[in-house]
Amino acid sequence: MALALKKVKGSLDRIFDKNLQDLVRGIRNHKESEAHYISTCLEEIKNELRQDNAAIKANAVNKLVYLQMLGYDISWAAFNMIEVMSAPKFTFKRIGYSAASQTFHEKTDVLMLTTNMIRKDLGSQTMYDAAVALNGLSCFMTPDLARDLVNDVLSLMSSTRPYLRKRAVLISYKIFLAYPDALRPAFPRLKEKLEDPDPGVQSAAVNVICELARKNPKNYLSLAPVFFKLMTTSTNNWVLIKIIKLFGALTPLEPRLGKKLIEPLTNLIHSTSAMSLLYECINTVIQVLISFTTGMADHSSSIQVSGLFLQLCVQKLRILIEDTDQNLKYLGLLAMSRILKSHPKAVQSHKDLILQCLEDKDESIRLRALDLLFGMVSKKNLMEIVKKLMQHVNKADGSQYRDELLSKIIEICSQQNYLYITNFEWYITVLVELTRTEGATSHGSLISSQLLDVAIRVKTIRPFAAKQMAVFLENSHALASQLQRSGMQEVLYAAAYVCGEFAQFVEDPTSLFQSMLHARVTSLPPHVQAVFIQNAMKLFARAVTEAEQSQDDEKTEELLNILTEKLPVFVQSGNLEVQERASCVLSMVKYAAKARAKGSEISADFNHLFKGELNPVAPKAQRKVPVPEGLDLDAWINSPPESSEDESQTTFNYKTKEDDLGEFYSKREKEKEISNEERMEMREQRLKQQESNPNYLSSKPKATKIQSGYQVPGENGDDLPPVENIDIVVPLHIPGMTSSDKYLRQAKRWMPRFGEQERRRQRHSERMKRKTEKEKKKGKKGRKDRKKHRAVEESPEEDVEPVHSVDIVEEEMPEGATKTDSEEEERNDDLYKALDMDLESPLTAADNLPTRSHRVVTETVTKTALKESAPAEKKKKKKKEKKEKKKKSHRRRDELLLVDELEEVATGNGGELPSAPKQDSANGHAGAAKEPNDDLDFWLSNTAESAAPLDGKGDAPAEESSKRRHKKKKEKSSKHKKHRKSVQEVDTKAEPEAPSESPPLQLSTRFVHLADNDDLSVDYETRAIPMQERQILVAFLFKNMAAQRLKDIEFNVLDTLNTRLIRPPGLSPHDAVKIPFSLLPGSLNEAHLVFSAVSLNMPQKLRGTVTYILKDNENATQHKLDFKLFLPCSSYLVATNCGGSRFAELLSSGNLPEKSSIRVTAPDLEFSHALQKICFYLKFSVVERVEGSASLYASSIQQHHVCLLLKSVPNGFSVDAKSNEPSLLSNILEELKDLCK
C-alpha cells in the first residue's frame, strides 16, 4: 500500500514539474530578469535531482543540458548524469548520455565510475542502447576508458547488425588517439571492414583509415591495392573523395603508384558531375604529375602522358574559375596554385583570367589571385603585372587588402634576390610611388627595408637612389601629412640613411641637411629623428669637404652656424636617443668651430668618422657567437644575494607595458576633457592647416574662390549643391621625381625588337633540330622523343639582359661561428606521433590487448598449517599423477628429437628460450615482415625491369626451383628410431662446422615459368590470402614477345573436384576469363585470379589454355597457348611470426602428433643459403638460429601448423618436422628436398 501511494505521489509531482518547454517559455518571458529566473530554476532542478524517481531526474538533466548551452556551468551535476545514464529506459539513457557528451571531459572525476556501466550497455541485447553508449563515449574518451573498453568495441565490429558495426568502426578512431597501443592488434579487424558487405560500414572503415593515414601515410602504403579496388568499384562520392585524398598522400612515397592512378582518375574527371569529387581528382592528378617529375627514375617515359593530363587539369580548373559560384572559383584558384609550383608555364597562359579575379568583390578570391600572380612573373611581364597591381592599390577599399597588395608587390619584385628585375631605377620609382598611396597601411617599414637593401646590394643604382631620396626628403614637407596618415613615415628613415651613407652622389648636400634639421622634423617618430641627425652629420662632412676644397671659408662658417642654430631644438627632445645624438653632434660642431677659428681644416676629422661601409649583420649572428671554454652563462657571477626582510620591504619603481598603456589611456581621457573655447581654437587651427595643405580636398565644396590651382574653403558654402566624389588618378607631381610609367613605355618599345630576334633564333633552332632528327632517326627513337620533350617542356625563358647587376652581399657573422640548424624549434609532439608504427609486421606477445582478470589474493600460511595439509595434498597429487601417466605415457615414449634439439639450442643460448622472435637480417630471413611490401611491388610492377629475371637473365635459383617442383619424386622415409640413431652417431663422430660468413642470396621474385611460344610468355606466382581459409591468389605475368599487338586475351582452366577458378558473376564453370588489358610489343602486365581449394594436403595440377588475338596493320589472327598450372602445398602456407616460448609450447602440447625426419645431401649448399631459400620460397619464418641450427615455423590458411628444425651435418643438413596434418607435412618436406638439392 505504501509503495502504491508513493507511485501516485510521484506521478502527481510530475504533473506540476516544469519540463524543458516550460523552462524555455519562462526564460523568454523574463527577459528583464533572466538571471534571477534561471537561478530560481536551478534551485528547483537541484531539488528534482534529489528525488528517487528516474523520470524526474531525467527531466532535470534535460533542462540542465539547455542551460549549459546558454553558458551556465553544470559540472556539479555530473554524478546525477551518470545516474540517468544507468537508467534501464532508453529515453532516459539517451538524455544522460547527451548531457555527458556535452559536459564530461578528460579531467572529470566521476568518469572512473562509468567503465562498467558503458561495458554493460555495449553488451546490451538492444542495439539502440549500445549505439547511444558508443555515441556518448566518442565525446568523452579518455586513455583509461579506451584501454578498458577496446575489447568490447572490437567485438561489436563483428556484430551481425551493420548499425552497430558502423559505429564501432568510427569510434575506433577515438580509441586509437587515446590509446595508441590498440592500433596494431585492432588493425587487421579494421582492415577486414574495407570489404564489408554493408556500404555504411565500408565507408566508416575508409574514413577511419584515411584519417589515420593523413598524418602517417607511409604506414598504410601496403593498402594501396585494396583502396584501388574500392576506387574503381565504389559509387559513393564521399568514399571516393576520401580514397583519392589518401592516394594523393601516398603518391609522393611511391611514385610508381601514379601510373596506376592516372587512368581511373581521368575517367572520373571526364564522367563525374560532382564538383567536390572533380576537385579532389584534379588535386591528386597534380600530385601524380609532381611525382613524375621528381620521383620517377624513367621520367622521360611518362612525359607525353603528363603533358596531356596537365592540359586536361588546367582546362577543368579554368571552368571552375569562370563559374559564378564563389566557392568553386576559390577552389579552382587554389588548385591552380599547386600546378604553378611544378608546371608554371601551363598556368602563365591563363594570366588574363587571373587578372580578372583581382576585380572580384570577394576579398578571399582577390588574395588567392595575388598568390597566383607571384608565380607567374617573368622578366618580360614584371613591369606590366606590377603596374596593374599598383592600380588596384589606389582603388583598394579595406586596409587589409591594401596591405596584402603592397606586400605582394614587394614580394614579387624581390623574390630570389631580385631575379626578375632588369631595371632597378624602375623599382626605386615603384617603391617611392608606393609611399604616396592613399589610406593607412602597416608596410612602411617593409618599403623602407627594400630601399635600403636595393641601395646596398646594387652598387650601380646608388647614384640614382641617392638623388631620388634627396628629392623625396627636400619635398617631405609637402608629403608630411600624407605620410603620417598612411603610416609611411618609416620611408624617411631609409631616405635619410641612403642620402647620408652615399653622400658623394647628392648634388646639393647643404640644402638637404638643412631640410633634415628643420624644426618640423621634431614631429616625426624619435627613431627617425635620430637617423636624421646622424646622416645630417654625414652630409655636413661632405659639404665641408667641398667648401674647403674650393677654399670657401665663408661657406664653411655658414655650415657651422647652421648646425649650431638647428641642433639645440633636438637637444631638448624628450627622447634619450635623439637627445644624446644631438648633444654629441653639437659638441663636435663646437669643437670644430674652435679648431676653425685657429685656422685648421676640419673636413679630414669629420670624414674619418664615417670612413668605410657598414655591411649588414646576419639576424642570427648574436646567438651563433661561440661560448668560450670554461664560461657558464647560467652561473652566478657573484654569490647570490641572501634573502632577508629588508629585501622584501625594498620597492623598485619598475613599470610594465601594461602600466604604460594604463598611463597612456588615462592621459587620453584627461585630454578629452577640454572646454568649448579650446575646442574652437583647435578647429580654427585645423582649418588654417587645411588651407595651407595643397593635397587637402574638402568633402563639402565652399565658395568658388580659386587660388594657385586649388579650391580654398570658404565660410558660407552650405547653400551650394553637393559635389560628388571624384577619383583623381593623377598624383601630386614633385619636380625631380621619376615616374615608373616611363620605364614601362621604354620596355614596350624595346620588346618588339627583342621578340623579332627571339623568333629568328627559334626558327634557326628548329631547322637544326629537324636536320639532326633525320640523321639520328634509326635506332634512337626514345632519345629523339626525349629531346623533343625537352625542347617543348624545358625551353628556357626568354631572357632579358638586366640593366643593373646585383651584388649579393653576404651577411657578416662573428668569428668562430658554427653553422647549425638547431635554432629552429622542434615540432611539438602531437596525438598522431604515437600512431606512427609498423602495421604490417606480425603481432607479438607485447601487442596483445589488455583483458579483464580477477585480482589474485596471496595469503600467508603458517608452517603448522602447511604440515597438516601436506598429507592430503600428497594423496591428491598421487591420484592426479596416475591419471596423467595413463594419458601421456605414449607421448613420453615417442617424444620427438625436435624437442630435444630445441632444448640443446636453448642451453647453448644461455639456457633460456627467446621471448621474441629473432630474425637473421644478414641472411635475409625477415621474409614474413617484408611480404606485404613484396605484394605491393608486384602489384605496381609494370616495367620491363621487373620481368628481366623471368627471361633467364635474372635469378637462376628461381628457374631451378620451378623445374624441380614439377618433378615427381617419391622416396620412402626411414623410420624415426633408425634416423634418430644415425643422427646421434653422426653427432658423436664429428661436430658440425660453423657456418661460414658468405653474402646472402639475391632472391628477388617467386614467379615461376608457366608456358611460352613465339608470341606470348606467361609466368605465375601463388600468394596465400590470410583471411580466406579456402582461397589463394595466383598472379599471372603476361609478356608480349611478338612484334604485333596482343589483344582479347582470355584465360581458362579445367576445374577439378578440389580446385576451381573463381569466375566473375554470369560466367559458367567452363567459360574463359577475359584479361582486362592488351599488350604492346615488348610490354608486360600482371593479372590476378583467385582459386578456391577444398583440401590443402596435396599438390594440384590444372590444365588450361590462354587464347589471344595477334593484331597487325593488315589482319588479325587468333592463337592459343596450352599450359599445366602446378599448385604445390607451399602455396597455402603463410609466413607467420612465432615467438620462442610459443614455439616450445606448441611442440610440447601434443597438438602436433604427426612427425617426420629427412636428411638432405647438398655438399655445395651452405647452411645459411639453404635457410634463406626455405624461408623465401616455402614461406617459413625463423624462430631461432644458433650456430648450425635453426627452428622454423609456418601455418597454412586453414591454421595447420608446420614446425621444422634444421641442423647442419656433414655434406648437407637434417630436417626434423612436426605438424597436425600428415599429408601436408610430407609434401612440404618433398618440396624442401627438391629445392635444396
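Lys242 is partly exposed in this predicted model, with a relative accessible area of 21%. The residue sits just above the 20% under which a side chain would count as buried, so it falls in the middle class. Its partner in a salt bridge is Glu211, with an N to O distance of 3.1 Å. Glu211 belongs to helix α12 and Lys242 to helix α14 (residues 237-250), so the contact ties together parts of the chain that lie 31 residues apart in sequence. Glu211 is also partly exposed, at 21% relative accessibility.

Side chains of opposite charge can pair when their charged atoms come close. In this model the count of such salt bridges comes to 30. One of them joins Arg165 to Asp196, whose closest N and O atoms are 3.0 Å apart. This pair links distant parts of the chain: Arg165 is in helix α10 (residues 162-178), while Asp196 is in the loop between α11 (183-192) and α12 (199-213), 31 residues apart. Arg165 and Asp196 are both buried.

A further salt bridge is formed by Lys351 and Glu384, with 3.9 Å between the closest N and O atoms. Lys351 is part of helix α20 (residues 351-357) and Glu384 is part of helix α22 (residues 382-395), so this pair ties together parts 33 residues apart in sequence. Glu384 is partly exposed, its relative accessible area being 34%. Salt bridges also link Arg368, Asp371, Lys408 and Glu411 in a network.

Another approach of parts separated in sequence involves Arg256, which lies in the loop between α14 and α15 (257-271). Its C-alpha atom is 8.5 Å from that of Ser291, although 35 residues separate Arg256 and Ser291 along the chain. At 30% relative accessibility, Arg256 is partly exposed.

Charge also gathers on the surface. Glu677, Glu678, Glu681 and Glu684 form a patch of negative charge there. Of these residues, Glu677 is located in helix α36 (residues 676-692). Its relative accessible area is 64%, and the cut-off for an exposed residue is over 50%, so Glu677 counts as exposed.

The next topic is a sheet. Strands of a sheet pair through backbone hydrogen bonds, either parallel or antiparallel. Here, four strands make an open sheet in the order β8-β6-β10-β11, and their pairing is antiparallel. The edges are taken by β8 (1073-1074) and β11 (1116-1127); each has a single partner strand, so one side of each has no neighbour in the sheet.

Within this sheet, β6 (residues 1045-1053) and β10 (residues 1100-1111) pair in the antiparallel sense over seven bridges. Lys1047 has Ile1109 of β10 as its bridge partner. Strand β10 also pairs with β11: the two run antiparallel and are joined by 12 bridges. In that pairing, Val1106 stands opposite Leu1121 in β11. The connection from β10 to β11 is a hairpin of four residues.

Definitions and conventions. Residues numbered from 1 in each chain as written. Predicted model: local features only at pLDDT ≥ 70, side-chain atom pairs only at ≥ 80, totals over all residues. Heavy atoms only, no water. Patch = residues over 30% accessible without salt bridge, like charges linked within 9 Å, V, L, I, M, F, W, Y side chains within 5 Å. Areas by Shrake-Rupley, 256 points an atom, 1.4 Å probe, with all protein chains shown as cover. Salt bridge = Lys/Arg side-chain N within 4 Å of Asp/Glu carboxyl O. Lys, Arg positive; Asp, Glu negative; His and termini not counted. Charge placed at Lys NZ, Arg CZ, Asp CG, Glu CD. Buried < 20%, exposed > 50% of the residue type's maximum accessible area, 1.4 Å probe, protein only. Pairing = 2+ DSSP bridges.
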